[in-house]
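Biologist: Hey, could you walk me through this structure? I'm new to this, so plain words please.

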Amino acid sequence: MVNVLFITNILETGGAERYFVKCENRLTDLGINLFTAAKSGSFNQFLKYPDKYYELTGNHFKNILMFISIIKNKNINLLHANSFTMLLYCLLLKSLFPRTKLVYTKHNVTVIERHAPRLFSLIINVFVNKVITVFERQRHLLIEQGVQEIKTQRIYNGVDLDQFNYVEKENTKKRIGILGRLSPEKNHTLFLKVAKLIIKNDLDCTFIIAGDGPEKQNIKDLIIKLQLENHVELLGNINNPEVFFHSIDVMVLTSTTEAFPMTILESFAAGVPVVSINVGGINEAIINNETGVLINSYNAKEFATKIHNVLTNAEKAVKIKRAARQLVETNFNSRIMVAETRKVYIEQTL
């Protein structure tokens with residue numbers, strides 16, 4: 001039996017957290033004895049096995065003592081870190097339990113990578129048994145900066161196709177959405193500038209912002225400054241993203257940095273065309289004008305034009321929706337993601 005302790009930062013809205021929950025929900029069903037730990041948040045309600053969940057605190061010393069107890073009492077033979085912060089915990093734990101295997105899922109570029117890439121590569125090469133990347137380009141970048149290729153494995157994020165059922169509807173309401181943490185890197189400023197341009201030509205459009213975070217007040221102030229109060233809805237955090245996607249006609253992504261966002265795949269699955277900046281691994285899912293629309297610069301006018309084209313060209317929108325859904329079913333299915341993760345566990349503990 002493979003006994004795994006899987007840890008993440010906090011169970012709040014985010015792609016890494018949705019990945020964590022999907023693994024928690026299904027890996028046990030595939031014969032993995034999975035224990036989880038995180039700071040509690042809104043996503044706790046989605047845990048399938050709360051009896052195997054341990055709550056982290058703000059006290060690192062207490063967390064380490066709890067982890068030591070879990071490893072001893074549950075005979076843990078593999079640690080899985082779902083963030084760089086959790087990897088640091090695991091490095092300490094591995095020094096205490098050297099026979100324990102360590103897997104790290106890398107979602108984003110870390111601070112240490114930016115400032116000390118060789119040190120980051122050394123840590124991976126010496127202490128980590130397998131680093132999982134969520135898109136292929138990310139894996140190649142790790143290898144280029146010195147991580148041993150044998151240590152790397154790309155496992156794409158996957159969508160629960162039962163949760164995100166495909167709905168093909170006409171774009172009659174002209175509702176344009178963005179979903180993500182209200183933080184600077186999500187670039188809501190550009191989204192609102194795009195909204196202003198579109199409103200000048202079409203007063204029927206509504207812009208939906210889902211999520212919460214430190215930029216909330218700045219976003220509210222900009223909405224007032226741009227005189228968009230009657231055209232923008234702020235939903236706050238949402239626990240049922242499938243309802244959000246079924247309520248909009250176009251999904252927009254304007255981020256300055258991304259890895260491989262779940263929101264794009266969920267849009268695909270739900271039948272919502274995506275207009276996105278070309279950043280991170282997004283172009284491994286969006287084939288321009290086939291499974292979505294890619295834009296190579298942070299140009300509000302170009303975004304506005306492309307969104308308008310999708311809204312007004314029904315034939316193009318339907319073609320994109322169907323191709324995107326097919327791509328999700330074959331390449332980005334959560335069952336595939338979980339099965340490949342299980343395979344990594346098995347291989348590392350043989």
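Modeller: Sure, one term before we start: a residue is called buried when its relative accessible area is under 20%, and exposed when that figure is over 50%. Also keep in mind that this is a predicted model.

Biologist: Okay, let's try that out on α8. Which residues of helix α8 are buried?

Modeller: Helix α8 covers residues 216-225, and Ile219, Leu222 and Ile223 are buried there. They sit on the same side of α8, because they cover an arc of only 105 degrees around the axis.

Biologist: Why would residues three or four places apart point the same way?

Modeller: An α-helix has 3.6 residues a turn, so residues with that spacing point the same way.

Biologist: And which exposed residues are on the face turned away from the buried side of α8?

Modeller: That face of α8 carries Ile224 and Lys225, both exposed.

Biologist: What do the buried residues of α8 pack against?

Modeller: They pack against one helix, α7 (188-201), and two strands, β9 (206-210) and β10 (232-236). After α8 comes Gln227, which has a positive phi, near 55 degrees.

Biologist: Switching topic: how many cavities of 30 Å³ or more does the structure hold?

Modeller: One. The largest cavity has about 30 Å³ of space. Its lining is made of Leu182, Ile209, Gly211, Lys216, Leu234, Leu235 and Gly236.

Biologist: Which element gives the most to that lining?

Modeller: That's β10, with three residues. Sorted by class, the lining of the largest cavity has four nonpolar, two polar and one charged residues.

Biologist: Now pockets. How much space lies in the second largest pocket?

Modeller: About 260 Å³. There are 16 lining residues, and the closest to the pocket's centre are Val21, Lys22, Asn25, Phe46 and Gln163. Two elements each give two or more residues to that lining: α1 (15-27) and α9 (241-246). The largest share comes from α1, with five residues.

Biologist: What's the mix of classes in the lining of that second largest pocket?

Modeller: Six charged residues, five polar and five nonpolar.

Biologist: Tell me about Val21 then. Is it buried or exposed?

Modeller: Val21 has 7% relative accessibility, so it counts as buried. Val21 lies in helix α1 and touches Phe43 and Phe46, leaving out residues up to four places away in sequence. The C-alpha atom of Val21 is also 6.3 Å from that of Leu47, although these two are 26 residues apart along the chain.

Biologist: And where does Asp160 lie?

Modeller: Asp160 is in the loop between β7 (152-154) and β8 (175-179). Asp160 counts as buried because its relative accessibility is 18%, and the cut-off is under 20%. Leaving out residues up to four places away in sequence, Asp160 touches Lys22, Arg26 and Ser334.

Biologist: Last topic, cysteines. How many disulfides does a search of the whole structure find?

Modeller: Zero. Take Cys23, which is in no disulfide: the nearest cysteine sulfur belongs to Cys90 and is 14 Å away. For a pair to count, the two sulfur atoms have to be within 2.5 Å.

Biologist: Is Cys23 buried or exposed?

Modeller: Cys23 counts as buried, because its relative accessibility is 0%. Cys205 counts as buried too, at 2% relative accessibility.

Methods. Residues are numbered from 1 along each chain as its sequence is written. This is a predicted model: local features need pLDDT of at least 70, side-chain atom pairs count only at pLDDT 80 or more; totals for chains, interfaces and linings use all residues. Side-chain values use heavy atoms; hydrogens and water are left out. On a 1 Å grid over the protein atoms alone, a cavity is a set of points where a 1.4 Å probe fits but cannot get out, and a pocket is an open set with protein on both sides within 12 Å along at least five of seven lines; lining residues have an atom within 4 Å of a point. Grid points are joined across faces, edges and corners, and a volume is the space filled by probe spheres set on the points. Helices (H or I, at least four residues) and strands (E, at least two) are DSSP runs, numbered from the N terminus. Ala, Val, Leu, Ile, Met, Phe, Trp, Tyr, Cys and Pro count as nonpolar, Asp, Glu, Lys and Arg as charged, and the others, Gly among them, as polar. Buried means under 20% relative accessible area, exposed over 50%, partly exposed in between (1.4 Å probe, protein chains only). The arc is that of the directions from the helix axis to the C-beta atoms. Contact means heavy atoms within 4.5 Å.
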